[in-house]
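Biologist: Please take one small part of this structure and go through it slowly, residue by residue. Then show me how that part connects to what lies around it.

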Amino acid sequence: MIYPIAEYEWISAIHVVPKMGEATVVQNKEGKLIPTRVQSGWRVCIDYRKLNKVTKKDHFSLPFMDQMLERLVGRSHYCFLDGNSGYIYVPIAPEDQEKTTFTCTFGIYAFRMMLFNVMLLLHFKDV
């Protein structure tokens, strides 16, 4: 999915942030129960803001959830797909892989595949 890269024009930094788990209730010093989320690990984020500023935006963006729900009104069937537990891998064109370059303590790497957390909501016309 990633490979070491020696020549690059674009490079982005990695940030490691706490990954929050399920909500739970804890008792504070005054004895009150407070809902909170417990840290369950770490999430690696890559800061692509510089690349996003110069990227041409897609004319056909994804619809908002309320638009999708409006399309489902009156339908007898719908299908919810999460693409293999929420993740789907899309190949990146070889000439564009360099744009995904990121740096970490182990070296400098680029992605061969786009990593998304994708949820697809499809609807079918009444038969």
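Modeller: I start at Lys99, which is partly exposed with a relative accessible area of 33%. Keep in mind that this is a predicted model. Lys99 forms a salt bridge with Asp96, and the closest N and O atoms of the two are 2.9 Å apart. Asp96 also counts as partly exposed, at 29% relative accessibility. Side chains of opposite charge can pair when their charged atoms come close.

From here I move along the chain to Thr101, the residue I will look at most closely. Thr101 sits in the loop between strand S5 (87–91) and strand S6 (102–104). Is Thr101 buried or exposed? Its relative accessibility is 0%, so Thr101 counts as buried, the limit being under 20%. A polar atom of the Thr101 side chain lies 2.5 Å from the backbone oxygen of Glu98.

What does Thr101 touch, apart from residues up to four places away in sequence? There are contacts with Ile5, Tyr8, Trp10, Ile11 and Ser12, with Tyr48, and with Ile108, Tyr109 and Ala110. I will follow three of these contacts outwards: Ser12, Tyr48 and Tyr109.

Take Ser12 to begin with. Ser12 belongs to strand S2, which covers residues 12–27. With a relative accessible area of 8%, Ser12 is buried, because that value is under 20%. Leaving aside neighbours within four places in sequence, Ser12 is in contact with Thr101, Phe102 and Thr103, and also with Ile46, Asp47 and Tyr48. The side chain of Ser12 has a polar atom 3.3 Å from the backbone oxygen of Asp47.

Tyr48 appears in the contact list of Thr101 and in that of Ser12. Asp47, which Ser12 also touches, has a charged partner of its own. The side chains of Asp47 and Arg49 meet in a salt bridge, at 2.8 Å from N to O. Is Arg49 buried or exposed? Arg49 counts as exposed, because its relative accessibility of 59% is over 50%. With the Asp96 and Lys99 pair and the Asp47 and Arg49 pair both described, the salt bridges are complete: the count comes to 2.

Now go to the aromatic rings. Tyr109 is a contact of Thr101, and Phe102 is a contact of Ser12. Ring pairs link Phe102, Tyr109 and Phe111 into a cluster. The structure holds 2 aromatic pairs. One of them joins Phe102 and Phe111, with 5.3 Å from centre to centre and 35° between the planes, and this pair is tilted. Phe102 is buried, at a relative accessible area of 6%. Phe111 counts as buried too, at 15% relative accessibility.

Two cysteines are worth a short look. Cys104 is partly exposed, with a relative accessible area of 26%. Cys45 is partly exposed as well, with a value of 29%. How many disulfides are there? The count comes to 0 disulfides.

For contrast with the buried threonine, here is a residue from another strand. Gln39 is found in strand S3, residues 33–46. At 40% relative accessibility, Gln39 counts as partly exposed. Leaving aside neighbours within four places in sequence, Gln39 is in contact with Pro18, Lys19 and Met20. The C-alpha atoms of Gln39 and Pro18 are separated by 6.3 Å, while the two residues are 21 residues apart along the chain. The Gln39 side chain also reaches the backbone oxygen of Gly41, at 3.2 Å.

Last, set these residues within the whole chain. The protein chain has 3 helices and 9 strands. Read from the N terminus, its elements run β-β-β-α-α-β-α-β-β-β-β-β. Among contacts between residues at least 6 apart in sequence, 68% join residues at least 24 apart. Of the 127 residues, 14% count as buried, and Thr101 is one that counts as buried. The accessible surface of the chain comes to about 10800 Å², and carbon and sulfur atoms account for 60% of that.

Definitions and conventions: Residues numbered from 1 in each chain as written. Predicted model: local features only at pLDDT ≥ 70, side-chain atom pairs only at ≥ 80, totals over all residues. Heavy atoms only, no water. Phe/Tyr/Trp six-rings, centres within 6.5 Å; stacked < 30°, edge-to-face > 60°. Buried < 20%, exposed > 50% of the residue type's maximum accessible area, 1.4 Å probe, protein only. Disulfide = S-S within 2.5 Å. Helix = DSSP H or I, 4+ residues; strand = E, 2+ residues; numbered from the N terminus. Contact = heavy atoms within 4.5 Å. Areas by Shrake-Rupley, 256 points an atom, 1.4 Å probe, with all protein chains shown as cover. Polar contact = N/O pair within 3.5 Å; in protein donor to acceptor, adjacent residues only side chain to side chain. Salt bridge = Lys/Arg side-chain N within 4 Å of Asp/Glu carboxyl O.
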